[in-house]
Amino acid sequence: NEVRLECYGVCLTAGNLTDNAYPEATQNFLRLLLSAHEHAMNQRFIQSMVALTTAPVVSGGGGTDANAISIDLPANLEWNAIDYRARYGMCETDVLEAVFPYWLRAVIRADIAGRTGRDQIDVSDAEINGLFTTRGVRPQWVKDWQVRGTNQPGGATPTTLYPASADYMLYAAGTFVKGNGMSLDLGVVRDSVLNAENDYTAAWSEECHLIARVGHEARLYRQAICAAGRTGAAAITDCRTS
């Protein structure tokens, strides 16, 4: 398979008179532009990885604890990891990578804090990470994925409810490679055309990257969400067997 570099760039045109009168406004706009550019690039990197995964697989779960995120997600993930290792003859102790949207931690935290018998509600990030690391999976919490859409955090309309489900990627370490190409930063540029309009280029840059999948497979799973703090019943009817 062949993967080629994709190039991303920014170009900001500013006015000489505006910059002279309000230089802080120009600098603030430039900072916002560079921040937005980083978010856009991060989103494209993640989407490139998602495009190289399998079709979404709905994770299992059932009984009275169905979709209790702090129970079902770690349990399903451990079984998915076992299935992945068995598929490719990996060692039982080989650590896999799991990529989650960063906001999923808040959902897991709320579910753990609300469980019966929990003395305290201050659930740490370390405790949440431990749900996965003890199962041989290293969690990565990323931004710019599953955000700003319908019923997702960051949308135009404020959301007060958790999304109904969340996707996560699972793969062996080294499955993806990020390639870096050229990087070109011209900085401030002045030319005759812009000078005639009393403008100038305040920023101009371009850089190239690629995302390649060099491993066997990356899988995408979809986990239903419920953060009601449900606690397992004494008799669960669903045995999770096929």
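## What surrounds helix H5

Let's start with helix H5 and its neighbours in this predicted model. The buried residues of H5 are covered by several parts of the chain, including helix H3 (69-87), strand S3 (96-101), helix H4 (104-113) and strand S4 (137-142).

Which residues of H5 are buried? In this helix, which runs over residues 125-133, they are Ile128, Leu131 and Phe132. These residues span an arc of only 90° around the axis, so they sit on the same side of H5.

## A bridge from H5 to H4

Helix H5 also holds Asp125, whose side chain meets that of Arg105 in a salt bridge, with 3.8 Å from N to O. Because Asp125 belongs to helix H5 and Arg105 to helix H4, this pair ties together parts that are 20 residues apart in sequence.

How accessible are the two partners? Asp125 is partly exposed, with a relative accessibility of 33%. Arg105 counts as partly exposed too, at 22%. For Arg105, it helps to know that buried means under 20%.

## A bridge between two strands

Strands S3 and S4, which help to cover the buried residues of H5, have a link of their own. Glu97 and Arg138 form a salt bridge in which the closest N and O atoms are 2.9 Å apart. Glu97 is in strand S3 and Arg138 is in strand S4, so the pair ties together parts that are 41 residues apart in sequence.

Is each partner buried or partly exposed? Glu97 counts as buried, since its relative accessibility is 10%. Arg138, in turn, is partly exposed because its value is 40%.

## An exposed pair

Now let's look at Arg4 and Glu2. Their side chains meet in a salt bridge, with 2.9 Å from N to O.

Both count as exposed, for which the value must be over 50%. Arg4 has a relative accessible area of 64%, so it is exposed. Glu2 is exposed as well, at 62% relative accessibility.

## A network, and the total

Some salt bridges join up. Asp83, Glu217 and Arg219 are linked in a network of them.

How many salt bridges does the structure hold? There are 10. Among them are the pair of Asp125 and Arg105, the pair of Glu97 and Arg138, and the pair of Arg4 and Glu2.

Key: Residues numbered from 1 in each chain as written. Predicted model: local features only at pLDDT ≥ 70, side-chain atom pairs only at ≥ 80, totals over all residues. Heavy atoms only, no water. Buried < 20%, exposed > 50% of the residue type's maximum accessible area, 1.4 Å probe, protein only. Helix = DSSP H or I, 4+ residues; strand = E, 2+ residues; numbered from the N terminus. Arc of directions from axis to C-beta. Contact = heavy atoms within 4.5 Å. Salt bridge = Lys/Arg side-chain N within 4 Å of Asp/Glu carboxyl O.
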